[in-house]
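Me: I would like to go through the salt bridges of this protein and then its overall build. Please reason through each answer briefly.

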Amino acid sequence: MHISRSRVAVAAACGAALVFGSVSGAQAAAPGQAPARGVLAAEGQGGGSGAPSAADLRRATARPSAAAAMTIPKCQGTWNQTIANVTVKESLKGGIPWQVALTKKLNAPMGTVNFRTQIFADGHEVAGNGTQKRQWNYNFHGTVPRTFVRADNKKKFTLPEGRVVSFFWTWQSVAKPNYEGYRYVICQFQP
């Protein structure tokens, strides 16, 4: 699934906007593996094959005030699901490096994918994220720098400790555009 500002359905995300394309009824979400107890509330992470449901969009794009109702972990750790595994590691100087490993069972048939990243930190979309075209088993990675450029006004913003960060990843097969997946994690920057 390619995220584009010209698509129809819009979901508010930490004060910015995520825009999603429409999905055919044949694309059903795969059940996700439950997170470990006490590690991350179900509404703080998710993913599946196909496009995200409306409920997943609301959870993935929770505003910081709405996220207060969730159990939000530090931006530190690994969270596994049947669709993809996510690892983040925060530091005061380095920000938040992240890594997404798509799982073989659900993603190998996709071959080459267009992998899209959107990140929102303290209500501001982080500029510089986009789409990568790689094999499904590529180690997708990046970093949210402690001081980043905002996508909306191109100004620098330093992420204060204790703020909510929302990661949202989508991917779509290049050869089979009806095959797509998504993954999101919401965490709190507490280096």
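Me: Which residue forms a salt bridge with Asp122?
Reply: In this predicted model, the closest N and O atoms of the pair are 3.0 Å apart. That separation falls within the 4 Å allowed between a side-chain nitrogen of Lys or Arg and a carboxyl oxygen of Asp or Glu. The partner of Asp122 is Arg163.

Me: How many residues apart are Asp122 and Arg163?
Reply: Asp122 sits in the loop between strand 7 (112-121) and strand 8 (124-125). Arg163 belongs to the loop between strand 12 (156-158) and strand 13 (164-173). The pair thus links distant parts of the chain, and the separation is 41 residues.

Me: Is Asp122 buried or exposed?
Reply: Residues under 20% relative accessible area count as buried. Asp122 has a relative accessibility of 17%, whereas its partner Arg163, at 34%, counts as partly exposed. Because its value is 17%, Asp122 is classed as buried.

Me: Which residue meets Glu90 in a salt bridge?
Reply: The N to O distance between the two side chains is 3.4 Å. Glu90 lies in the loop between strand 5 (84-89) and strand 6 (96-102), and its partner lies in the loop between helix 2 (64-67) and strand 4 (76-80), 16 residues apart. Glu90 is buried at 7% relative accessibility, while the partner is partly exposed at 36%. That partner is Lys74.

Me: What is the distance between the closest N and O atoms of Arg150 and Asp152?
Reply: Arg150 and Asp152 form a salt bridge. Arg150 counts as buried at 16% relative accessibility, and Asp152 is exposed with a relative accessible area of 55%. Their closest N and O atoms are separated by 2.8 Å.

Me: How many salt bridges does the count come to?
Reply: Asp122 pairs with Arg163, Glu90 with Lys74, and Arg150 with Asp152. The count comes to 3.

Me: How many strands does the protein have?
Reply: The secondary structure includes 3 helices. Among contacts between residues at least 6 apart in sequence, 62% join residues at least 24 apart. The number of strands is 14.

Me: What percentage of the residues is buried?
Reply: The protein has 191 residues. About 9000 Å² is exposed, with carbon and sulfur atoms supplying 51% of that area. The buried share of the residues is 48%.

Technical notes
Residues are numbered from 1 along each chain as its sequence is written. This is a predicted model: local features need pLDDT of at least 70, side-chain atom pairs count only at pLDDT 80 or more; totals for chains, interfaces and linings use all residues. Side-chain values use heavy atoms; hydrogens and water are left out. Helices (H or I, at least four residues) and strands (E, at least two) are DSSP runs, numbered from the N terminus. Buried means under 20% relative accessible area, exposed over 50%, partly exposed in between (1.4 Å probe, protein chains only). Contact means heavy atoms within 4.5 Å. Accessible areas come from the Shrake-Rupley method with a 1.4 Å probe; for residues, only the protein chains shown count as cover.
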